[in-house]
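Trainee: I like to get to know a model through one piece of it before looking at the rest. Could you pick a single part and take me through it closely, with the cut-offs behind each term?

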Amino acid sequence: MLPLALGALGIVFGDIGTSPLYAMQTVFSIEHNTVQATRGDVLGVISMVLWSITLVVSMKYVSLAMRADNDGEGGILALVALLRRHLQGTRRLAAVMVMGVLGAALFYGDAVITPAISVMSAIEGLAVANPSLAELVVPLTVVVLSLLFVIQRWGTGVVGRSFGPVMVLWFAVLLVLGLPHVFANPEILAAVSPTYALMFVAEHPLVAFVAMGGVVLTITGAEALYADMGHFGAKPIRFAWYLVVFPALAVNYLGQGAMILGDPGAVSNPFFLLAPTWATLPLVLLATVATVIASQAVISGAFSVSRQAVRLGMLPRLAVRHTSREEGGQIYVPVMNWILFAGVLLLTAAFRSSSRLAAAYGLAVTGTLLLTSALFLLLARYVWRVQTWKLVVYLVLVVGVELTFLGANLTKVVAGGWLPLVIATLVVALMTTWRRGADALHAEERDLEGPLPLFLRMLHKHPDLVRRVPGVAVFPHPNATTTPLALRTNADFNRVVHDRVILVQIVNENVPHIRHVDRVEVDDLGDATDGFVHVKVHVGFTDSQDIPKGLALAVGKTPELDIDLDEARYFLSVLTVQATGHRGLRTWRKRLFAWMYHNAANRTEVFHLPPERTIVMGAHVEL
């Protein structure tokens with residue numbers, strides 16, 4: 001528990017843990033806002049902050065949403081997977097998929113914006129301490145971001161253990177900075193009561209509405225917290241949240257409010273003014289490191305979302321590297337890492353200032369919050385059969401707050417809120433194109449493959465049509481019902497089929513490791529199989545999808561498997577997709593799908609097939 005909780009502190013809570021740096025300053029300095037440093041306004045704002053964190057993070061995500069895991073994975077696509085498994089009805093499933101795609105797209109927008117704004121704001125903090133460094137902000141930001149994305153290959157476990165102690169220090173500093181001011185002005189503790197937030201809204205509804213656009217910054221990272229659940233598990237995250245993170249955040253925000261009550265001028269930079277003058281520079285340096293770490297939460301979350309998107313058929317096959325032998329969620333997705341890196345560098349070069357990115361920050365977060373709530377309510381209503389009154393309470397307390405957040409951030413669309421919408425639109429285009437293209441391609445593939453039993457009967461009844469040649473042919477294939485395309489192609493064009501034919505299906509299990517004695521399962525294909533055999537190779541998330549090693553465990557189990565694997569030939573089935581058809585998808589979607597299909601992960605490498613004994617065969621398809 002403790003090592004995982006420490007890792008979670010370094011990965012999961014970096015984003016939300018650095019919100020005190022800028023959230024309160026933003027609330028009191030929003031353009032055209034009239035929030036004043038009066039007792040009523042300060043108590044109202046702090047109360048809104050505390051209860052937003054309590055309702056959205058503690059209640060919604062930590063207590064409720066983290067119960068909804070898909071084989072240990074969290075995030076909006078975990079909810080989609082659970083609902084697809086249990087919901088009935090085409091319309092409901094279609095609505096679920098639409099919300100899942102939109103939520104994942106907005107999360108990717110957050111994953112691109114967060115590293116850019118977090119690291120840039122940190123470097124800008126150093127420039128405040130030494131104005132001569134102002135011209136180095138962008139170059140230093142690029143260097144730090146480059147290092148951050150390069151170290152991802154070592155895995156979230158290693159990164160988390162490295163970042164964890166730093167974040168323990170950070171949260172301790174948050175606590176130490178806030179406590180003296182709370183003791184000096186204990187009146188701020190009244191903000192713990194939600195009545196002050198309600199009074200603030202009742203007395204100044206327009207001001208409170210606009211202020212919510214800044215208050216939402218206190219809960220950025222909540223969705224990443226849920227998406228990162230697969231990296232460490234729910235219990236370590238809950239342990240770290242309630243024992244360390246929540247108390248430190250609450251005390252720091254209370255401390256900032258207490259200081260503003262005593263000195264209204266502190267609204268200019270309430271976080272750094274919490275510290276004595278001598279501690280400003282060390283605090284800036286620690287904040288720099290902490291904001292760099294904040295980027296890790298959404299990067300790790302993006303890895304988890306990407307893997308789930310592949311499983312749900314929303315993205316093409318990606319190379320996924322497991323970086324832990326204990327935790328299946330600790331993964332590294334190289335292609336997604338470098339795509340995020342390119343996007344972050346582009347934003348850094350284009351905006352060149354964290355203040356220019358600030359307007360874009362909240363919209364991606366609030367949109368994802370609402371979509372997650374909608375999917376969670378569907379799960380609670382139709383799968384868990386939760387009582388109606390409980391759903392109503394959730395709607396009022398959580399969804400009501402999130403709708404207010406969304407409305408406040410929609411006012412920022414022109415000022416920069418368009419950025420996550422553009423990113424989300426691009427991601428939606430990719431996901432919907434892949435989904436529709438894959439469905440069309442699979443239909444074509446099934447027609448080309450044909451039923452396996454029919455193919456076997458043809459070989460048995462008409463041996464003169466296809467000559468059987470000596471040797472062992474292995475065909476990786478996802479099922480035992482259709483004929484591998486490479487097998488049919490070899491029979492149709494070369495008029496030969498090997499004496500021994502092994503169909504191999506990789507079955508992924510949600511456990512760390514499958515014992516060798518349990519890994520292989522040999523299936524009977526029925527009568528008249530004539531040297532054919534179907535083998536299932538079960539692998540855990542830390543096991544390699546190594547087909548030759550899996551087959552080595554099956555040798556000798558049946559007469560058909562009494563073979564020499566060193567002489568085996570491996571045949572991969574592929575389709576060459578060309579966007580020249582005159583039906584189905586639009587031309588630009590066909591071309592986009594063809595590009596994604598041809599750039600999917602190489603199955604020869606995924607299955608560890610020997611290149612010198614691997615033959616790629618298939619057919620040409622026009623979409």
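Mentor: Gladly; I'll begin with helix H4, follow its contacts outward, and finish with a few details elsewhere in the chain.

A word on conventions comes before the details. This is a predicted model, in which local features need pLDDT of at least 70 and side-chain atom pairs count only at pLDDT 80 or more, while totals for chains, interfaces and linings use all residues. Residues are numbered from 1 along each chain as its sequence is written, and side-chain values use heavy atoms, with hydrogens and water left out.

Now to the helix and its partner. Helix H4 covers residues 39–64, and its axis comes within 9 Å of the axis of helix H13 (residues 234–262), with a crossing angle of roughly 170°. H4 is therefore roughly antiparallel to H13. The helices here (H or I, at least four residues) are DSSP runs, as are strands (E, at least two), and both are numbered from the N terminus. The axes are lines fitted to C-alpha atoms, for helices over the stretch in contact, and the angles run from 0 to 180 degrees between N-to-C directions. Angles under 35 degrees count as roughly parallel, over 145 as roughly antiparallel, 65 to 115 as roughly perpendicular and the rest as oblique.

Which residues make up this meeting of H4 and H13? On the H4 side they include Arg39, Leu43, Ile46, Leu50, Ile53, Val57 and Val62. On the H13 side they include Trp241, Tyr242, Phe246, Ala250, Tyr253, Leu254 and Leu261. Contact here means heavy atoms within 4.5 Å.

Leu50 is a good residue to zoom in on, and it sits in helix H4. Its relative accessible area is 7%, so Leu50 is buried. For that scale, buried means under 20% relative accessible area, exposed over 50%, and partly exposed in between (1.4 Å probe, protein chains only). Leaving aside neighbours within four places in sequence, Leu50 is in contact with Ala250 and Leu254, and also with Ala191 and Val192.

H4 also takes part in salt bridges, of which the structure holds four. The term requires a side-chain nitrogen of Lys or Arg within 4 Å of a carboxyl oxygen of Asp or Glu. One of them joins the side chains of Arg39 and Glu187, at 2.3 Å from N to O. This pair links distant parts of the chain, 148 residues apart: Arg39 is in helix H4, and Glu187 is in the loop between helix H8 (156–184) and helix H9 (195–203). Arg39 counts as partly exposed because its relative accessibility is 43%, and Glu187 is partly exposed too, at 35%.

Another of the bridges joins the side chains of Glu402 and Lys60, at 2.7 Å from N to O. Here the link runs between helix H17, which holds Glu402, and helix H4, which holds Lys60, with the pair 342 residues apart. What about burial? Glu402 counts as buried at 0% relative accessibility, and Lys60 is buried at 1%.

Past the end of H4, Asp69 lies in the loop between H4 and helix H5 (76–86). With a relative accessible area of 32%, Asp69 is partly exposed. Asp69 touches Leu82 and Met229, not counting residues up to four places away in sequence. Its C-alpha atom is separated by 7.3 Å from that of Leu79, ten residues apart along the chain.

Now for the details elsewhere. Back in helix H17 (residues 388–410) you will find Val393, which counts as partly exposed at 33% relative accessibility. Val393 belongs to a nonpolar surface patch with Trp389, Val392, Leu395, Val396 and Leu397, and together they have about 540 Å² of accessible area.

Backbone angles are worth a look as well. Most residues other than glycine have a negative phi. Arg495, although not a glycine, has a positive phi of about 60°; this residue lies in the loop between helix H20 (485–494) and strand E4 (496–508). His608 also has a positive phi of about 60° without being a glycine, and its place is in the loop between helix H24 (603–606) and strand E8 (614–622).

Notes
Patches are made of residues with over 30% relative accessible area and no salt bridge: like charges are joined within 9 Å, nonpolar side chains (Val, Leu, Ile, Met, Phe, Trp, Tyr) within 5 Å. Accessible areas come from the Shrake-Rupley method with a 1.4 Å probe; for residues, only the protein chains shown count as cover.
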